[in-house]
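Visitor: I would like to learn how to read a few local features of a model. Please take them one at a time, with the general idea before the case.

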Amino acid sequence: MLIRKPPQIRASEITPKHVYLNRRKFLAVPALAAFPGLAPAGVRLADVRKSPFSTDEKITPYQHATHYNNFYEFGTGKEQPAELAKNLRISPWAISVEGHVARPRVFDFDDIMKLAPLEERIYRLRCVEGWSMVIPWIGYPLNALIRQVEPTSKAKYVAFESLYDSKQMPAARWAGIPFPYVEGLRMDEAMHPLTLLCVGMYGETLPNQSGAPVRLVVPWKYGFKSIKSIVKIKFTEKQPPTTWSRANPQEYGFYSNVNPQVDHPRWSQAKERRLGEFFKRNTLMFNGYGDQVAQLYAGMDLRKYY
Ligand code: MTE
């Protein structure tokens with residue numbers, strides 16, 4: 001018989017605090033071991049280092065960050081993913097890493113958790129729609145995974161693909177974009193220390209609506225580059241297609257660096273509203289990460305390569 005945990009109860013609430021605080025990462029948490037096959041969403045993560053890359057700005061309340069989401073596989077409404085992704089099966093999970101690499105490999109979630117020390121990175125994330133948030137993400141630089149597979153000299157880009165399962169994602173049919181959701185980065189962007197392979201937020205594993213169990217967070221680009229629920233990573237020679245430029249190439253480019261000087265064809269990108277705040281604030285070039293990333297685009301016309 002399959003025993004299911006009621007989805008509205010977070011595992012951190014059913015695991016005594018002294019148990020989860022004293023165990024290394026979630027894999028050793030006894031409550032999970034007792035329910036094999038259960039999705040490890042909302043489980044407290046231990047041994048998470050603080051990162052010098054964090055902003056000290058005010059963190060967006062958890063409720064906003066987890067109930068105002070874009071996850072079109074689960075509907076286009078902002079509150080739909082929290083409801084419709086509740087029962088997404090995220091365990092077992094596998095990410096196939098392939099293409100121009102010397103050591104292609106399938107990583108399960110366990111492998112991913114063991115690859116590098118977990119860090120808390122408090123990043124701003126700016127959505128192309130004009131809102132932003134500050135989230136304490138947990139993960140490690142994507143370059144730790146990239147180094148494991150040893151890309152060859154032909155690897156110029158990295159293509160990412162999300163899970164697509166029409167049975168678990170019936171609302172995707174009306175989303176108006178092609179699935180599976182795909183994204184891409186240039187190799188130097190993917191290797192940049194700010195690019196985070198993310199497995200958690202607010203001290204816990206990712207909630208399903210936030211892209212469980214593994215997503216990307218690329219803080220200097222519009223939020224849609226931060227692809228959720230990744231199942232495939234492929235190293236390519238040519239620039240890979242991306243979902244939003246496929247759906248609407250006039251409005252969305254491959255680079256999608258946050259840029260207050262280049263308006264979206266239908267609205268200005270000069271200002272943004274932090275979730276939970278009333279007054280708008282100015283949007284910063286590269287979302288405020290220019291000191292770290294501007295040199296990646298030296299000599300490029302950012303109006304052309306938007
Ligand atoms: N990833 C997938 N697979 N499907 C999506 O619809 N939406 C993107 C991005 N990643 C999306 C996705 C967009 S538009 C944004 S703004 C961010 O996820 C939102 O992340 P959040 O819901 O955690 O704020």
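Guide: Helices here are DSSP runs of H or I with at least four residues, and they are numbered from the N terminus. This is a predicted model. With that naming, E150 comes just after α7 and takes a positive phi of about 55 degrees.

Visitor: What should I compare such a phi with?

Guide: Most residues other than glycine have a negative phi. In E150, which is not glycine, phi is positive, near 55 degrees. E150 belongs to the loop between α7 and β6 (157-162).

Visitor: Is E150 buried, partly exposed or exposed?

Guide: Buried means under 20% relative accessible area, and exposed means over 50%. E150 has a relative accessible area of 39%, so E150 is partly exposed.

Visitor: Which other residue has a phi near 55 degrees, and where is its place in the chain?

Guide: N287 has a positive phi near 55 degrees, and N287 is not glycine either. The loop between β13 (281-282) and α10 (290-293) holds N287. Its relative accessibility is 3%, so N287 counts as buried.

Visitor: Now the helix before E150. How many residues of helix α7 are buried?

Guide: As a general idea, an α-helix has 3.6 residues a turn, so residues three or four places apart point the same way. In helix α7 (residues 142-149), 6 of the 8 residues are buried, so this helix is largely enclosed by the rest of the structure. The buried residues are L142, N143, A144, L145, I146 and V149.

Visitor: How do I read the peptide bonds?

Guide: Most peptide bonds are trans. Here a cis peptide bond joins S91 and P92, with omega about 5 degrees. P92 is in the loop between α5 (80-84) and β2 (94-99). Another cis peptide bond joins A212 and P213, where omega is about -5 degrees. P213 is in the loop between β9 (204-205) and β10 (215-217).

Visitor: What does the separation of C-alpha atoms add to the sequence?

Guide: It shows which parts of the chain meet in space. Y140, in strand β5 (residues 131-141), and L197 are 57 residues apart in sequence, and their C-alpha atoms are 5.6 Å apart. Y140 has a relative accessible area of 0%, so Y140 is buried.

Visitor: Which residues are paired with M201 in this way, and at what separations?

Guide: M201 is in strand β8 (residues 196-201). The C-alpha atoms of M201 and W137 are separated by 4.2 Å, with their positions 64 residues apart along the chain. For M201 and E120, 81 residues apart along the chain, the C-alpha separation is 8.0 Å. E120 is in strand β4 (residues 119-126). Both ends of this second pair can be classed by accessibility: M201 is buried at 1%, and E120 counts as buried at 14%.

Visitor: How is a side-chain polar contact read?

Guide: Two N or O atoms must lie within 3.5 Å, and within protein one must be able to donate a hydrogen and the other to accept it. The side chains of T242 and S245 make such a contact, at 2.4 Å. T242 is in the loop between β11 (230-236) and α9 (243-247). With a relative accessible area of 0%, T242 is buried.

Visitor: Let us finish with the ligand. Where does the ligand sit, and how many residues surround it?

Guide: The ligand sits in the second largest pocket. It is surrounded by 15 residues, the closest being Y72, E73, M133, R215 and K228. The shell divides into 7 nonpolar, 5 polar and 3 charged residues.

Visitor: Which backbone atoms lie at polar-contact distance from the ligand?

Guide: A backbone N or O atom of Y72 is 2.7 Å from an oxygen atom of the ligand. A polar backbone atom of S226 is 2.9 Å from a ligand nitrogen atom, and a backbone N or O atom of N70 lies 3.2 Å from a nitrogen atom of the ligand. On its own the ligand has 540 Å² of accessible area, and the protein covers 98% of that.

Definitions and conventions. Residues are numbered from 1 along each chain as its sequence is written. This is a predicted model: local features need pLDDT of at least 70, side-chain atom pairs count only at pLDDT 80 or more; totals for chains, interfaces and linings use all residues. Side-chain values use heavy atoms; hydrogens and water are left out. A residue is near a molecule or strand if one of its heavy atoms lies within 4 Å of it. Accessible areas come from the Shrake-Rupley method with a 1.4 Å probe; for residues, only the protein chains shown count as cover. On a 1 Å grid over the protein atoms alone, a cavity is a set of points where a 1.4 Å probe fits but cannot get out, and a pocket is an open set with protein on both sides within 12 Å along at least five of seven lines; lining residues have an atom within 4 Å of a point. A molecule sits in a cavity or pocket if more than half of its atoms lie within 2 Å of its grid points. Ala, Val, Leu, Ile, Met, Phe, Trp, Tyr, Cys and Pro count as nonpolar, Asp, Glu, Lys and Arg as charged, and the others, Gly among them, as polar. Buried means under 20% relative accessible area, exposed over 50%, partly exposed in between (1.4 Å probe, protein chains only). Helices (H or I, at least four residues) and strands (E, at least two) are DSSP runs, numbered from the N terminus.
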